[in-house]
Structure formats: structure tokens, C-alpha cells
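Student: I would like to go through the terms used for this model. Can we set each value against its definition?

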Amino acid sequence: MTPAELSDAVRACLLEAVAAGELRVDAAVVPAQVRVERPRSREHGDWATNVAMQVAKPAGAPPRQVAELLAARLRAVPGVTGVDVAGPGFLNLTVDAAAAGELARTVVRAGGAYGTSGAHDGLRVNLEFVSANPTGPIHVGGTRWAAVGDSLARVLTATGAQVTKEYYFNDHGAQIDRFAESLLASARSQPAPENGYGGAYVADIATAVVHAAKEAGEPDPTELPDEQALPVFAARGTAAMFAEIKQSLHDFGVDFDVYTHEGTFHDSGAVTAAIEQLRASGALYEADGAWWLRSTDHGDDKDRVVVKSDGSPAYIAGDLAYLRDKRARGADLAIYLLGADHHGYVARLKAAAAAFGDDPSVVEVLIGQLVRLVKDGAPVRMSKRAGTVVTLEDLVDIVGVDAARYALTRSSLDSAIDVDLDLLLKRTNDNPVFYVQYAHARTCGVTRNARELGVALQRPDGSDGFDPALLDHPTETALLAALAELPRVVAQAAELREPHRVARHLEALAGSYHRWYDERRVTPLGDEEVTDVHRTRLWLNEATRTVLANGLGLLGVSAPERM
């Protein structure tokens with residue numbers, strides 16, 4: 001019996017009680033989906049629900065009375081062997097071995113679809129993440145946003161959302177001017193300008209710009225006057241840098257559906273149009289020669305300058321045009337994944353949505369905290385190429401893509417983390433990504449051994465060799481419980497925007513699997529005859545492989561068959 005089936009059974013009992021007049025409440029009060037969860041202590045049963053407390057108030061009845069009504073009906077449901085009422089009105093349910101074991105067949109038959117749902121069917125999400133300036137390689141903080149953002153996109157997609165992954169290319173503003181000046185100085189073998197960019201990558205990009213100009217039959221830009229050379233280095237330099245960024249992300253398993261250039265909003269008049277719309281609606285006011293957004297009307301801590309006193313647009317003007325563009329492209333929800341130094345953007349962007357007449361909830365801003373790499377017990381601070389920061393390439397060169405993605409995704413985004421590089425290089429159970437991947441590889445090894453010894457999911461005559469009642473050992477009960485949790489974990493990860501929940505669940509599942517593996521044999525010993533016991537355990541092994549592979553896929557981490 002899957003959690004979904006049990007949820008449906010509880011809901012059906014509720015509706016029956018309403019129809020029989022036992023609960024004096026409108027049927028619409030009954031939740032469309034009753035939430036069932038694993039109790040903290042398995043001594044309290046296999047599953048628990050607080051639905052009696054949810055409907056008690058509208059029914060005008062004590063929660064325990066509602067729970068007792070439901071318990072009486074649930075005890076008659078096939079597969080349910082026990083129902084207890086606990087505390088103020090919790091229902092603790094126990095199912096028989098056959099009902100619990102049936103989950104293994106459900107998982108195997110669902111395959112890659114197991115864990116998915118329609119919780120967000122029809123929701124169009126624009127998910128913007130990374131969006132690093134094209135003035136240098138992606139630092140390790142940006143690498144975290146890449147890993148988490150891509151995993152969040154996968155989780156949301158698994159629950160039915162239509163997700164557009166978007167990268168905002170900041171190719172407009174003072175940072176591009178400083179980058180061009182730094183490139184020109186490097187190409188001329190001069191010191192970097194004050195507040196400019198350093199590191200070996202600057203010399204690499206500068207050389208590439210000069211080479212590209214020569215290949216195109218253009219003058220050597222280093223020999224041009226500054227006012228002519230700088231636009232060349234700005235255009236070609238940012239293009240070359242961004243090409244490197246895109247390649248690094250692709251190698252990290254992260255690709256975007258849309259790359260949006262900030263400069264296009266200024267060049268196309270979209271910024272001007274957004275400003276004029278807000279002026280016309282009264283969302284802007286003039287003071288001290290500048291135009292201000294009435295963002296305090298919508299919860300911001302201060303009003304924001306949109307047009308400076310010299311008539312030039314402030315930085316937020318581009319953000320306004322960008323949000324307007326996202327909504328015009330059909331996004332129901334715009335999620336921004338930003339770095340720890342962007343806390344002010346939460347209220348600012350919600351205020352921008354309200355100023356355009358939207359509900360502020362169409363904007364969500366997730367703030368990611370910092371990452372510190374640790375090796376030999378000390379922080380790693382310097383990059384071989386960037387000089388001042390550790391980059392995506394540095395991390396991947398040390399531990400590989402899988403370990404990097406897993407390590408950066410397995411913690412809550414709003415927590416600063418230390419990534420122990422020495423730990424991630426270990427092939428031991430202390431290394432969480434190794435622990436989970438090894439569990440998957442072990443399931444594949446069991447399948448290979450079973451095949452060699454003639455154990456298959458079906459009997460030789462093709463009939464089903466699965467008997468769920470045979471999965472009655474405590475380690476099998478625990479493993480089935482872990483397998484059953486994936487759909488709930490994925491739905492919760494999507495709803496809370498917390499893909500780390502998937503990683504933590506996989507670690508718990510791997511632990512349950514390793515303990516089962518130590519206790520129960522899938523393949524026969526010696527001349528022992530192959531029986532349905534072996535076949536049924538092979539079903540459970542395959543179900544575990546399926547869930548581990550599906551979960552790792554949601555994290556963008558490979559599921560190796562051998563290790």
C-alpha cells in the first residue's frame with residue numbers, strides 16, 4: 001500500500017462519514033489530498049495523519065471524536081491491520097506485510113516516473129540563477145547557485161511545473177567599463193587600473209581579443225586610441241568571457257533555456273517603456289530632480305531611485321524592465337536565486353511587481369549563503385587562474401562534477417557551508433556522495449549476480465515471481481518505508497524550494513539499503529533452489545535502484561553501475 005493509496009483510503013473514509021451524517025460538515029472541507037507521514041517512532045505504526053484535527057473545527061466536534069469515527073472505518077480497509085488514536089487526535093496506522101511490500105512492485109513498474117507528481121501542473125516558472133557578471137570566471141559561491149538552481153528546476157519539473165531556466169547577462173554598466181580597461185591594460189603589458197580586474201584569466205582574454213581582431217582583418221586594438229580600443233575590448237572581451245562561463249556551466253551539467261542580455265533592455269527601449277508605464281500609473285514620483293519608485297508602499301525599507309537627477313536610468317531600471325519582460329513571456333512565478341549580498345532585492349523586487357499591478361507573490365527571491373572550501377583543515381582561498389577567488393573549475397578539478405554538485409546541494413541554501421575537499425575525495429561511507437552512489441552501484445551488482453545465478457523478477461514460465469508478503473523482515477519494512485517517502489520528499493522539496501531534502505533522503509535510503517543488504521540475501525547459496533523469496537527480494541533491490549537513480553537524477557548527479 002503506497003502513501004498515496006493510504007491517503008486516498010483516509011479521504012474516502014472521511015467522505016463516507018460526511019455522507020452518513022457522522023460528520024456535520026460540507027464535503028468541500030475534506031482535503032483534496034490527505035497528508036500521511038511516517039511517525040517519528042515506528043512503534044506508533046507505519047503511517048500517521050492529523051487530518052482529524054484539520055476537519056474537527058469546521059465539523060464542530062472534538063478532534064479525538066473525529067479521529068475515533070475515522071478509526072472505526074479505517075479498520076475495515078483491506079491491508080490496514082491497526083489504527084490507534086493518539087494525543088489530541090492523531091491517527092496512527094499499521095499495514096500488513098503484503099500491503100507494505102506491494103510498494104516494491106509499484107516502484108519498479110513506475111520506473112523513472114516514480115517520485116513525480118502533478119502538484120504544480122500548469123505553473124509556468126521563470127527560474128533565474130547564477131547570472132554572474134561576464135568579467136571573470138564563476139566563483140565557488142556562483143557554483144553553489146548553479147548546482148542548487150539546476151536541481152530546483154529538476155524538482156519543480158518533476159512536480160509538473162513548466163520551468164524556464166534563465167541566465168541574466170549583465171553586459172551593461174560600470175563593471176564592463178572596468179573590465180575593458182583591465183583587458184586593454186593587460187594587452188599593452190601595463191598594470192591593471194585601480195579597481196580593475198586581475199588574475200591570469202585577464203591576460204588570456206586580452207590575448208584572445210587581439211587574436212580575434214587580427215583573424216577578422218581588423219587593426220590591432222592595442223594600437224588604437226583608448227576611445228576606439230575600449231569598445232573593442234568590451235564587446236569581444238565580454239563575449240569571450242561569457243563563452244567560457246557557458247562552457248564551464250555546461251561541463252558542470254548546467255545549461256539554460258534562455259540567456260537574457262541586460263543591454264538589450266536599454267538598447268530596445270524596454271527600460272524607457274517600463275519607466276513610462278510606472279510614471280503613468282503614479283508608481284513613480286519626482287523629488288530632488290530624480291524619479292523614485294514608491295517601493296515603501298509595498299514593504300521596502302526605502303523608496304528607490306529609478307531615474308537619476310542627470311536623467312540616466314539607475315540600476316533598478318533594468319530590473320524593472322526585466323521583471324516586466326518575464327511576465328510578458330508568460331511566467332506565473334519569477335524565482336530569483338541570488339547571493340548573500342543581495343538581501344535588499346527581496347523587498348525591492350516584490351515592490352516592483354506590486355508597482356506593475358501584480359501580486360507581490362509572483363516574485364520569490366531565494367538568498368544563498370556563502371561557501372568555504374576547506375583542505376587539510378584550512379580554508380582554500382586562491383585560484384590558480386582567477387587569483388583572488390576559488391572558481392567552479394578549481395572545485396571540479398579537485399573533486400569532480402558529481403561530488404561538487406552533491407556537496408553544494410545537500411545543505412539548505414540559507415546556511416553557510418564548509419566543503420571539506422579531503423572528505424569528498426575519500427571512497428568511504430564518510431563521504432555522502434560516495435555513500436549514496438555506492439548504494440546504487442551495489443543494487444546494480446546484486447542484479448548482475450542474480451542474473452548469473454538465474455534469479456529474475458519472473459519465474460521461468462513468465463509468471464510473476466513477486467510475493468509482497470515475503471518482505472516481512474524489519475530491514476525490509478524500514479527499506480520499504482524509505483522508498484515510499486520519495487514522492488512526499490520531492491513534493492516538499494519543490495513546494496519549499498529546498499532540493500537539499502532530496503539529498504538527505506537519499507542518504508537515509510542508502511543507509512536502509514546497506515542494512516538490508518547485510519541481513520538478506522537475494523541470490524541462493526550453493527545448490528539452493530531459486531524461489532519466490534529470491535525473486536521478491538530482487539524486486540525490492542530493483543525498486544531501491546530505481547529510487548536512488550531517480551533521486552540522483554534530480555540532483556544532476558550520476559548513478560554509476562560500478563564503483
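Tutor: Start with the cut-off. Buried means under 20% relative accessible area, exposed means over 50%, and partly exposed lies in between. Keep in mind that this is a predicted model.

Student: What makes both faces of β10 covered?

Tutor: Look at each side in turn. On one side sit Leu-333, Ile-335 and Leu-337, and on the other Ala-334, Tyr-336 and Leu-338. All of these are buried, so each falls under the 20% cut-off.

Student: Why is strand β10 called largely enclosed?

Tutor: The strand covers residues 333-338, and 6 of its 6 residues are buried. It is therefore largely enclosed by the rest of the structure.

Student: How do you know that β4 and β10 are paired?

Tutor: Two strands pair if DSSP finds at least two bridges between them. Strand β4, residues 124-128, is joined to β10 by 4 bridges. The count meets the requirement, so they pair. The two run parallel. Leu-127 stands opposite Ile-335 of β10.

Student: What makes β10 and β11 a pair?

Tutor: The test is again at least two bridges. β10 and strand β11, residues 363-367, have 5 bridges in the parallel sense. That passes, so they count as paired. Among the partners, Ala-334 bridges to Val-363 in β11. Leu-338 bridges to Ile-367 in β11.

Student: Why is β11 described as mostly covered?

Tutor: Of its 5 residues, 4 are buried.

Student: What makes β10, α12 and β11 a right-handed unit?

Tutor: The three elements form a β-α-β unit, with helix α12 spanning residues 345-355. Point the strands away from you. A crossover is right-handed if the path from the first strand over the helix to the second runs clockwise. This unit is right-handed, so its path runs clockwise in that view.

Student: Why is Asn-195 called exposed?

Tutor: Its relative accessibility is 60%. The cut-off for exposed is over 50%, so Asn-195 counts as exposed. Asn-195 is in the loop between α6 (174-187) and α7 (200-215). Its phi is near 65°, a positive value in a residue other than glycine.

Student: Why is Arg-497 called buried?

Tutor: Its relative accessible area is 13%. Buried means under 20%, so Arg-497 is buried. Arg-497 lies in the loop between α18 (486-496) and α19 (500-519). Arg-497 is not a glycine, yet its phi is positive, about 60°.

Student: Why is Thr-272 called partly exposed?

Tutor: Its relative accessible area is 48%. Partly exposed lies between the 20% and 50% limits, so the term fits Thr-272. Thr-272 is in helix α10, residues 270-281. Its C-alpha is separated by 37 Å from that of Ala-187, and the two are 85 residues apart along the chain.

Student: What share of the protein's residues counts as buried?

Tutor: Of 563 residues, 51% count as buried. The protein has 20 helices and 14 strands. Its C-alpha trace spans about 85 × 65 × 45 Å along the principal axes.

Student: What share of the accessible surface belongs to carbon and sulfur atoms?

Tutor: They hold 49% of about 24600 Å².

Student: How many side chains are positive and how many negative?

Tutor: There are 56 positive and 76 negative side chains. The centres of the two sets lie 4 Å apart.

Definitions and conventions:
Residues are numbered from 1 along each chain as its sequence is written. This is a predicted model: local features need pLDDT of at least 70, side-chain atom pairs count only at pLDDT 80 or more; totals for chains, interfaces and linings use all residues. Side-chain values use heavy atoms; hydrogens and water are left out. Buried means under 20% relative accessible area, exposed over 50%, partly exposed in between (1.4 Å probe, protein chains only). Accessible areas come from the Shrake-Rupley method with a 1.4 Å probe; for residues, only the protein chains shown count as cover. Lys and Arg count as positive and Asp and Glu as negative; His and the chain ends are not counted. The place of a charge is taken as NZ of Lys, CZ of Arg, CG of Asp or CD of Glu.
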